[in-house]
Amino acid sequence: MDRAHDPPTTVDVDVQVPAAVIRRFHEVVWLSSWRVVLPVGIACTTAAGALVLRVAREFRSGSHGLTASSAVLPIGAAAGLLVASGALVANALAGYVPTAAAGLRLGTHGFRRPRHESTELQPRHPMSRTGRRVALLHGPPSRGTVYTVTVPGDLELEVPPSTAWVYLPPGVETASPVRYPAIYLIHGTPGTSADWFAAALVDRAMDVLLHAHLVRPMILVSIDANGGPSKDTECLNWRDGPQIETWLYRTVIPFVDRTLPTIADRTARGLGGMSMGGFCALDQGLRHLDTWGLSLVFEGYGDPGSAGPAALGDDPEVIAAHTPSSYLPHLPLPSRLPVYLDVGERTSDVGAVRDLARQLADRGQTVYFRIARGHGHNWAEVRDGLPYALTFASAHLRGTPPTPGAPPGS
């Protein structure tokens, strides 16, 4: 099992995920795997080169059968093969689309903007006509259900309606009398709410972990924090733009608690994110302890970067008040906030994230700091750490009912 513990993981944390469970989760990830991409890319490039060479030879030999129209097809095919090869390589570098089913999710639903404010949960499985879960991926027999729902916008806050993706554990219905903890997930930039389900495969991770009795049932809600067209909002209130922070607390959380069987309490509510979303999870979690009881931070950072001045103006004090690395030493922390921090080994942020973890540990918070070996700043890094993050969340969110069929004491 992987226990990539680096100081300053606090002594009260011990997240263990068996290697067999990790393999089960990753067994469907092939489209962004170099073991697949390299041979396919080489084959595509070789075939493209052969087509171009054939046309060039016929042109040099003065073949009477070669015309401009007859050369279009092989040259077009060669160009298509090169584009496909380049797309595969780019996708492997970004780790964005791990499977063909994930690509289908993105292409079918990931980039659509809602046309009206429908608050009805809509099943999101392209092969399903009945609304029941369809086995698009190989995995355990018990599967949760994935839906999309339109989250209301707010004209006053300059935030339009947007699509949220929802995961309900196996056997859980929207009208369930039993209430469950919820984890809100925020994408990076550029990105959409579909990313956590198409790129991170978060629903599959939950299915596998539930099947192994490593986590208890939790609801996942992936929201769109762009505030309209893709924008690096950092979940802040922009002085001349969308008020994402206010919208999150005034609209999103009340809407989710009304629509889904969630426990409306901070101890059962977590916030997670990747890159921009990682900053959101840390900054919002710390500054709104009355709302959040957990933060899951993937590829996060301790300041809003260039978005800070753009969103907040040029006042250093205002920016510092939204910069965790600046306010952590003196921020009042009346409640505990367990924080999971995951960073890719091949990024330049390892030292900065480690420092954030140390600051949190120095303030008495529960911290799990993990370096994803061999990964950079991409969705492959998120998939690598997701089983550990969800296990950490299950251990620290309160009010989680036991897993049906779990052994006694699990």
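Trainee: Which residues of α8 are buried (under 20% relative accessible area, 1.4 Å probe, protein chains only)?

Mentor: This is a predicted model, in which local features need pLDDT of at least 70. Residues are numbered from 1 along each chain as its sequence is written. Because 11 of the 12 residues of α8 are buried, this helix is largely enclosed by the rest of the structure. The buried residues are Met276, Gly277, Gly278, Phe279, Cys280, Ala281, Leu282, Asp283, Gln284, Gly285 and Leu286.

Trainee: What distance does helix α8 reach from its first C-alpha to its last?

Mentor: Helix α8, a DSSP run (H or I, at least four residues) numbered from the N terminus, covers residues 276–287 and has 12 residues. The expected span is 1.5 Å times one less than the number of residues. That expectation is 16 Å, and α8 comes close to it, reaching 16 Å.

Trainee: At what angle do α6 and α13 pack, and is the arrangement oblique or roughly parallel?

Mentor: Helix α6 spans residues 202–211 and helix α13 residues 379–396, with their axes, which are lines fitted to C-alpha atoms over the stretch in contact, 10 Å apart. The angle between their N-to-C directions, on a scale from 0 to 180 degrees, is about 60°. Angles under 35 degrees count as roughly parallel, over 145 as roughly antiparallel, 65 to 115 as roughly perpendicular and the rest as oblique, so α6 is oblique to α13.

Trainee: Which residues in α13 meet α6?

Mentor: Contact means heavy atoms within 4.5 Å. From α6, Val202, Ala205, Met206 and Leu209 take part. Their partners in α13 are Leu386, Pro387, Leu390 and Thr391.

Methods
This is a predicted model: local features need pLDDT of at least 70, side-chain atom pairs count only at pLDDT 80 or more; totals for chains, interfaces and linings use all residues. Side-chain values use heavy atoms; hydrogens and water are left out. Helices (H or I, at least four residues) and strands (E, at least two) are DSSP runs, numbered from the N terminus. Buried means under 20% relative accessible area, exposed over 50%, partly exposed in between (1.4 Å probe, protein chains only).
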